[in-house]
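Here are some notes to read beside the model. Please look at the structure before going through the points.

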Amino acid sequence: MSRDWAGRYSRRQIVGGGLAIAGLGLFAPAAIGQARPRVAIVGGGPAGVIAARRLAADFPTIDVTLIEANRHYVAPFFSNRYLAGMQTLDITRFDYLAIERMADLRLIHQRVTAIEGDRRRLRFDDGSRFEYGRLIVAPGVSLIGEAIDGYNAEAETLMPHAYGSTTAEQWEILRRQLTAMEDGGVVVIAVPPRPYRCTPAPYERASLIANYLKRDKPRSKLLILDANDTFPLMDAMLEVWDRDFGDTIEWLSGDFGGALLAVDPANRALITEDETFTADVANVIPPQRAGSLAEDADLTDETGWCPVDARDFSSLRADNIHVLGDAIEPGDMPRSAFAAASQARACAAALGADLTGRQAPPTALENACYFILGEGDGLISSGRYKVVDGRITGIEGGSSTADEDPDVRLETARAGERWFAEITAEMFA
């Protein structure tokens, strides 16, 4: 590798269910004369599952169906710990059995291939269809691999992103590469330009992998190629990097040539405007936009994200469709699992009230993102939000600082673990 590791990040850088009707291929609508409103929710992550469960629990007169292709869910918002050897992947892996057993909520394991909004109908990959009255879509994000020259299907295996998927494969590939790397190797993490899902997550990943290298492969190095000039919680994270890792980590910001332009997967080479870097392990996170289902249904605008009226998260581009989670244009709110869950609760309350003739409560939203930099060392970024003219607007917030007491960091780490237990229980218990 051609860089001088002693350069690191200077102060100048920092400041500068198969229920189809046999033979018809059409899922049965409500019985003739039945007045129950029918809501379908597509997407089995935090936004989709919590919206479905809240609607079913709080509005029993609504017919609620959750549609999710996978039978297991791997929570991406806690999987960096697995990469660093701090936990097994089983801790972040969940099934949908509890939802399948619920009497007031139907779960269908099918892959939606199209939203036929004009007919209020979904099309599945087996050719069957499902009719709805209202639709909630939580499609997540798509990775724009084509934005990086050479990042194709082969590159995704050799240079895994371990970021956009909710199945285990990508995390398992990256973990195997890290454990197989010889001591003295180089790990490179390529961070895409914002916006993308969970903005501080790549830097948490860098911190945790650096902990792993320090413990098990102490002669190794970690380089962050960053398309951005700053990142959330930067001062606190840089303080940890200086204190704990010294020259082990180099952060190359966007204004110092850190933006990744191309890759050569066969040689594990990462190419920026100025230099080519060779990695023993390359974690390439591509740019992102709303999930392909939303894009195909014309729920996105020129930004690549889904504009919504945040009073009930109804799409501004289609009638009778609501969009939640990482796919939306969130205003002042970050893209995170905590934020998605908060949006889901608000959407369920507003939509349920509308369909049952109740008074909708005011939309109140909050977020708290927890990031673990090592055992007992946690950071948090949090905020509260209100809706102004349909847009999510921040009203207060706060973040961890570089000079916090270790006991505060320890409690933050524990609070993050409690939150993970709480949100996964809300989803899958």
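Which residues of helix 2 are buried?

1. The model is a predicted one. In helix 2, the buried residues are Pro-46, Ala-47, Gly-48, Val-49, Ile-50, Ala-51, Ala-52, Arg-53, Leu-55 and Ala-56. That is 10 of its 13 residues, so the helix counts as mostly covered, where buried means under 20% relative accessible area.

2. The length of helix 2 can be checked. The helix runs over residues 46-58, and at 1.5 Å a residue its 13 residues should span 18 Å. The C-alpha atoms at its ends are 18 Å apart, which agrees with the expected span.

3. Leu-55 of helix 2 is buried, and Leu-55 is also among the residues with the most contacts inside the largest nonpolar core, which has 73 residues. Others in that group include Ile-67, Ile-115, Leu-135 and Phe-313. Helix 10 (residues 337-356) gives the most to this core, with 10 residues. In soluble globular proteins, nonpolar side chains tend to be buried together.

4. Phe-313 deserves a separate look. Leaving out residues up to four places away in sequence, Phe-313 touches Val-308, Ile-321, His-322, Val-323, Leu-324, Ile-328, Gln-343, Ala-346, Cys-347, Leu-365 and Ile-392.

5. There is a second, separate core of 46 residues. Leu-89, Leu-208, Trp-251 and Ile-285 are among its members.

6. Strand 14 (residues 260-264) pairs with strand 15 (residues 269-272) in the antiparallel sense, over four bridges. Leu-260 has Thr-272 of strand 15 as its bridge partner. The two strands form a hairpin with four residues between them, and Arg-268 in the turn has a positive phi of about 45°.

Note on methods:
Residues numbered from 1 in each chain as written. Predicted model: local features only at pLDDT ≥ 70, side-chain atom pairs only at ≥ 80, totals over all residues. Heavy atoms only, no water. Pairing = 2+ DSSP bridges. Expected span 1.5 Å × (residues − 1). Buried < 20%, exposed > 50% of the residue type's maximum accessible area, 1.4 Å probe, protein only. Core = buried A, V, L, I, M, F, W, Y, C linked by side-chain atoms within 4.5 Å. Contact = heavy atoms within 4.5 Å.
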